[in-house]
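Trainee: I've got this one open on my screen and would like to talk it through with you. Shall we take it question by question?

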Amino acid sequence: MDFFQSQDDARRRSKLLLFYFALAIVAIIATLYGVSLAIEAAISGNETRPVAPVQLWDPGQLGLVSLVTLAVILCGSGFKTLQLMRGGEAIALDLGGRPIDPSTSDFDERKVLNLVEEMALASGCPVPKVFLLEDESINAFAAGNTPSDAVIGVTRGCVSTLSRDELQGVIAHEFSHILNGDMRLNLRIVGLLFGILLIALLGQILLRASWYTGRGRNGREVGIALAVGGLALYIIGYIGVFFAHLIKSALSRQREFLADASAVQFTRNPEGIGGALKKIGGLSAGSLIASPKAEEASHMFFANGLSAGLSSLFASHPPLHVRIRQIDPQWDGRYPSVTSGTISRKQQRGKTKRPAGQAPLSPGASGFAGSPDAGAMHGGASLLRGFEGPVHQELDAARQLREAIPEAWLEDLRHPAGAQALVLALLLSREADADAVIAEQLHGGAEAALIQQAGELAREFGSLDSTAKLALLDLAIPVLRRLGPGQYDQFRTLTENLIRRDGQIDLFEFTLQKVLTRHLDRAFGRTPPPRTRKHSAGQLSEAASVLLSSMAGLGTADEAGLKVAFARGGDTLEKTTGLITTLMPPGSCGLVEIDAALDCFELVKPAIKRALLEACAQTAFADDHINSNEAELLRAIADTVGVPLPPFVR
């Protein structure tokens, strides 16, 4: 899986979705027009000719039918789309899910949270909020507009029946949907299809209303009219149902095969996702979702969440046995006998202990024990190999990274107050006179308690490596989303005061601010979504020059080395985009200039984002080494343009 290619594919599939949507509207209008002509002919009949001749072409009537139909469909689609602007959480709540509390002590819930956190750290994207559906079946889904507002939902049967490896395979499958742009398309499908399914829904409403009409001749006539009209709309509405399943089938089935392959790629363990699929076949509840809203979201599930009522030709998922054969060609075709919750907790605990010989992160450490270096993770040749999704080495590193965090810090991260204090501590730990800064910020009330807690944590952080600090920040983001608007504004003010108190912003503070702005400011409505802006090739070239020059300057102070590093990135960018860059003087590469340059690339095409990040990576790796400053700037660039960046762990 290639992140950037998948984004382009998602755009093309969005056009296919609009084509099918338009085709469905045309079919519904044509059918309604035909029915209206038939009704008019019946009404216009007389005793000698019960049914008047049908005039097939009536522009006025066609226009009226088209106008009413379009109004109903577009209003329905618009209403549902506005509902879904909240992101994946709207889907999870509609399906009856409840958010799993990060501080939960339930073993199964803690297991799935740990796996989601590990996968998020390995992928370089924010930790999604996790929802639990109280179904005994085995199923899961990912939903959201962007990785920043994504959620993952799992059924009770999924977390209680699957082994850790199998559950990891399912989570990896869902993360592939987060990384490759499927989620946004899936939400668009839900929004658009609600409009064309609304015709059938209106038919149901009229049928129900026909039962409550008054008595007498007039009441009976009204009741019959409502019943006939409702039945007609209900039948015609099934044109929408047909197209809904056609659209889901056309856009979803191949993506499921790709997500299965990505899960194997991420985990290097085909038995994980393969075992999960086999258990679905052997479980009596299978993968069925009981929620009445399951139909709307059926294309989002890990496996088919609906009873087999339609032909497999229009199923949103490939047949189970076909998916298993793709992963395990030697499968004998037999499903295991499974009952929900058959995995013993004793077995699971044995798989979640800290690896032998791995020590917890100690104060003042510069990295995580047992972690591979950046060169081992990315080979030094191409950072963007990581954008094909995390590989098993990165998952192992992420697990070690998370397990090396002291339990006391993890406990803080499970509560909004502790998560706020931890982020403030990341900033305080960089202050030479931290005690004076703490005293300066104490004003009494809730703020004083936060600052005091942050000060205690800052002393423990010591010279913690920036990779570890950014990992802690990623783990804090989903908990910070639980703040109330007023609490967030208070936290935001405290953060800005700490960043700006000395009149200058260093690179780590800049990166932290970028991460918080992208993932929290927009979630709380404090920053409007970016507007589409066209930038000329000259503007992009100048912006790229600033970013590459800044990156080269962070790697070396030697003029010859600076030119070599810049040329390596500049050549890469020119070959792929045609943008010509010029080495800028240090005075033109401050954080203000970097910020302005990043704005130019926020909404460009995925191919240009890829080229920019590849060029920046080539510049950073010109000396076959990446330092903390280079890693921080790369993270700031990736976060601004909306690309998940796997961590650099040394």
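Trainee: Let's start with Ile-637: in which helix is Ile-637 found?

Mentor: Keep in mind that we're looking at a predicted model. Helix H25 covers residues 628–641. Ile-637 is found in helix H25.

Trainee: Is Ile-637 buried or exposed?

Mentor: Buried means under 20% relative accessible area. Ile-637 comes in at 0% relative accessibility, so Ile-637 counts as buried.

Trainee: Which residues is Ile-637 in contact with, leaving aside its neighbours within four places in sequence?

Mentor: Try Leu-613 to begin with: it sits 24 residues from Ile-637 along the chain, and their C-alpha atoms are separated by 7.8 Å. With neighbours within four places in sequence left aside, the contacts of Ile-637 are Leu-547, Met-551, Leu-598, Leu-612, Leu-613 and Cys-616.

Trainee: Staying with H25, what does Arg-635 meet in a salt bridge?

Mentor: Arg-635 lies in helix H25, and Arg-635 is buried, with a relative accessible area of 7%. The N to O distance in its salt bridge is 2.7 Å, and the partner side chain is Asp-474.

Trainee: How many residues apart in sequence are the parts that Asp-474 and Arg-635 tie together?

Mentor: Asp-474 is buried, at a relative accessible area of 6%. Asp-474 lies in helix H18 (residues 466–480) and Arg-635 in helix H25, so the pair ties together parts whose separation in sequence is 161 residues.

Trainee: How far apart in space are Pro-126 and Asp-474, C-alpha to C-alpha?

Mentor: Place Pro-126 before you look at the distance: it lies in the loop between H4 and strand S2 (129–133). Pro-126 has 6% relative accessibility and therefore counts as buried. Pro-126 and Asp-474 are 348 residues apart in sequence, yet C-alpha to C-alpha the spacing is 5.5 Å.

Trainee: And which residues does Pro-126 touch, not counting residues up to four places away in sequence?

Mentor: Contact means heavy atoms within 4.5 Å. With residues up to four places away in sequence not counted, Pro-126 touches Ala-120, Pro-147, Ser-148, Arg-481 and His-519.

Trainee: Over to Glu-109, then. Is Glu-109 buried or exposed?

Mentor: Glu-109 is in helix H4 (residues 107–123). Its relative accessible area is 6%, so Glu-109 is buried.

Trainee: At what N to O distance do Arg-98 and Glu-109 meet in a salt bridge?

Mentor: Arg-98 is in strand S1 (residues 98–99), 11 residues from Glu-109. Arg-98 counts as partly exposed at 33% relative accessibility. Their side chains meet in a salt bridge with an N to O distance of 2.4 Å.

Trainee: Arg-156 meets Glu-109 in a salt bridge too. How many residues apart in sequence are the parts that this pair ties together?

Mentor: The side chains of Arg-156 and Glu-109 come to 3.6 Å, N to O, and both residues are buried. Arg-156 lies in helix H5 (residues 156–161) and Glu-109 in helix H4, so the parts they tie together are separated in sequence by 47 residues.

Trainee: Which residues are linked with Glu-109 in a network of salt bridges?

Mentor: You've met two of the members already: Arg-98 has a salt bridge to Glu-109, and so has Arg-156. The residues linked with Glu-109 in the network are Arg-98, Asp-106, Glu-134 and Arg-156.

Trainee: How many disulfides does the count come to?

Mentor: A disulfide is a pair of cysteine sulfur atoms within 2.5 Å. There are cysteines inside, among them Cys-158, buried with a relative accessible area of 0%, and Cys-589, buried at 15% relative accessibility. By that rule, though, the disulfide count is zero.

Trainee: Last topic, the cavities. Which helix gives the largest share of the lining of the second largest cavity?

Mentor: The count comes to seven cavities of 30 Å³ or more, and the second largest has a volume of about 70 Å³. Of its 11 lining residues, the closest to its centre are His-177, Asp-182, Asn-186, Glu-256 and His-299. Helix H7 (182–210) and helix H8 (216–267) are the elements that give two or more residues to this lining. The largest share, four residues, comes from H8.

Methods. Residues are numbered from 1 along each chain as its sequence is written. This is a predicted model: local features need pLDDT of at least 70, side-chain atom pairs count only at pLDDT 80 or more; totals for chains, interfaces and linings use all residues. Side-chain values use heavy atoms; hydrogens and water are left out. A salt bridge is a side-chain nitrogen of Lys or Arg within 4 Å of a carboxyl oxygen of Asp or Glu. Buried means under 20% relative accessible area, exposed over 50%, partly exposed in between (1.4 Å probe, protein chains only). On a 1 Å grid over the protein atoms alone, a cavity is a set of points where a 1.4 Å probe fits but cannot get out, and a pocket is an open set with protein on both sides within 12 Å along at least five of seven lines; lining residues have an atom within 4 Å of a point. Grid points are joined across faces, edges and corners, and a volume is the space filled by probe spheres set on the points.
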